[in-house]
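Hi,

Here is the structure I promised to pass on. Have a look at it first, and my notes follow below.

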Amino acid sequence: MSAGPETGSYAALFDASPTTTKLVTLGNLSRVGARPPLGQYVRLLWARRHFLWADARAKVASGTRQSLLGKAWLVLNPLIDGAVYYLVFGLLMKNERSVDNFIGYLLIGVFLFQFTTQSINGGARSVQSGKNLIRAFTFPRAALPISVVLRNLLNLGPTLVTLAALIYLVPPAEEYTWRIALVAGALALQVMFTTGLSLLVARWAAALPDITNLIGMTMRVWLYASAVFFSFDHLLANNPELKVWLEANPMFIVLDIVRDCVLYATTPDPMRWVVLGGWAVGTLVIGFVVFWRAEESYGR
Amino acid sequence: MAADLDYPMPPTAQSAQRPLTGAIPMSVQAPPYTGQLAAVRPRSGSTPVLWPTVAVQGLRMFYRTPSTDTSHGRRAKMKRAVLNVMGQEPKVTVRALTDISFVANSGEQIGLVGQNGSGKSTLLRIIAGLEKPTKGQVLAESTPVLIGVNAALVPDLPGEENVRLGCLAMGLSPAEAQAAIPDVIELAGLGKSIYLPMRTYSSGMAARLRFAIATAARPHILLIDEALATGDAAFKERSEARMTKLREQAGTVFLVSHAAQTIEESCTRAIWLHHGRLVLDGEAQDVAVRYRKWAWAFAKDKPEEAKRILEEAFAERRETQVRFDVPEPPRGRVRERHARPTGRDAKQARAAAERAAAIRAERSDL
């Protein structure tokens, strides 16, 4: 630019412009991009459900489209994972002896925990990776982390079908009882809990991207603390304090309920449901409100 | 953007002279985006009644961004060393927009002109509510919709599916999206390619599809960012026809274009931005002609003449202050905020006016 020594003259001109004051009646004008009240925010989100659904389906489809086997990978991936874990923890580490139907125990743990891990990792990155959407459309930003959970839920569908077939077919085969219906309830609570947590980490990671690095580590610690690969039963016998901690861990409760229903034909302890329900509702409400409060900051 | 930083900035302290640009009380804000596009108002025959649709008040957008320009940020050696180890480059403030205020009315078609990096697109994004300004606010009658070339699309999905997804993303219902699809596909005019995955498209084809999708919404406040520049000659004509139709339906249109001629032909009013500042806001023809003269002088390496044109425009500008008239504060809890200028403010304003008059007199002597 032709910024010369007369810099001062520009400043004077700016200072000096005669001003006209436009009086605008507020009437039906409202601030653009303002955060709507919570109730309306939920309604807006509900109005976008068709987009959320279409987007999640599109992303699941595009994740497999490039490969030769395509959608078969939705079933093959969990199968291979299960085989690897069985090899390591069942055969090499001889964990099998301490747990009834170890392969069923292991597969339930791995697949259900994987859903939460992937949702939280994806949720943390959702605001960053949704930047193009944020810059192009006006919509409640909570749609981004929720869409990640939805996508993982769609991926979980085929995985669960595979899981059910494996448990039924691979010896020791389990007979299904009426308790299988309770699994749906436990999964619903898990999805609520995971959604809340995804919203929470989405806001944190949007404010400080460094957090995504810590989430991977946290999830690993949590994985080991949730009795996914091995039972804590022998440890708990003489350590009541650990038992309290373990039984407050929502992910452990989910796995425990599902294993009881599917593998051991036991009706889960009502206390388990109460604790898990508390976690699910509490986390979802807190996560949603926390995310909503920073609504206007996500566009940056 | 480095060039922007060299631009002389007037002292920011002057903003203190504007007591009128206070934020409006939270309690009187109408609900923000409704997710739905406002119904198109019936055109009132021969006597158009003007009402404000968009009010932009004291808008400012500053970015903190890393810069490799060594002339900036002379900081302590230690601090620089620490930041270097962490991989952080020295940061500078980029002033993308400084103190922009104006009111747009129904029926107005407003062109935004200015060189690259002058803040036109930033301004549109802020009006659309897609970016949050550092300071100031934008009020609008209904959700403004930005039609750019940045609609998010899924590369693995066929064009047809992307049309549906794009429509849903804009807030159309599935039925509305279904109804809009044939129209969008026809406008894009990609033939059989519409059934192929987006990743097989050339950039021109993808841009055409994005543009066509964006026109599926029929917003009342329409923001267009260089959309007309995409596509080949045949598409250009079709898209221009569509734009004309959209503009007729919309209440207020903002149009960013490098071609000052487009602005002259299709706008009623124009705003000239230069390095994030509002140079001139006025009748489209007048502003566009001045901008063209300036651009010509600038391109022909006549900095003196360019500077003269710019200064003249600055001098003639009438700065707008936007003030909101709150009909009745609910329950009397809200304090009256449009205070009159204090004596000190008035004195400062008078002094500034005298300085400007002196400069103008000096120039007319030459």
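Thr68(B) sits in the loop that connects β1 (52–66) with α2 (77–85) in chain B. Keep in mind that this is a predicted model. Is Thr68(B) buried or exposed? Thr68(B) counts as exposed because just 9 other C-beta atoms lie within 10 Å, and the cut-off for exposed is 12 or fewer. I also checked Thr68(B) against Leu190(B): the two are 122 residues apart along the chain, and 43 Å separates their C-alpha atoms.

Staying in chain B, there is an open sheet of six strands with mixed pairing, in the order β5-β6-β7-β3-β8-β9. Its edges are β5 (145–147) and β9 (277–283), each of which pairs on one side only. From one strand to the next, the twist averages 20°. At the β5(B) edge, the neighbour is β6 (residues 221–225) of chain B; the two run parallel and are joined by three bridges. Within that pair, Val145(B) is opposite Leu222(B) of β6(B). Over at β9(B), helix α10 (residues 303–316) lies across both β8 (269–274) and β9 of chain B, at about 70° to β9(B).

Now chain A. It has 13 helices and two strands. The C-alpha trace spans about 85 × 45 × 40 Å along its principal axes. The radius of gyration of chain A is 25 Å, whereas a compact globule of 300 residues would come out near 19 Å. Buried residues account for 40% of the 300 residues in chain A. Of the chain A contacts with a separation of 6 or more, 80% are between residues 24 or more positions apart.

Cheers

Conventions: Residues numbered from 1 in each chain as written. Chains lettered and ligands numbered in written order. Predicted model: local features only at pLDDT ≥ 70, side-chain atom pairs only at ≥ 80, totals over all residues. Helix = DSSP H or I, 4+ residues; strand = E, 2+ residues; numbered from the N terminus. Buried ≥ 20, exposed ≤ 12 C-beta atoms within 10 Å, placed from the backbone. Rg over C-alpha atoms; globule rule 2.2 N^0.38 Å. Contact = placed C-beta atoms within 7 Å. Pairing = 2+ DSSP bridges. Axes fitted to C-alpha atoms, helices over the stretch in contact; angles between N-to-C directions.
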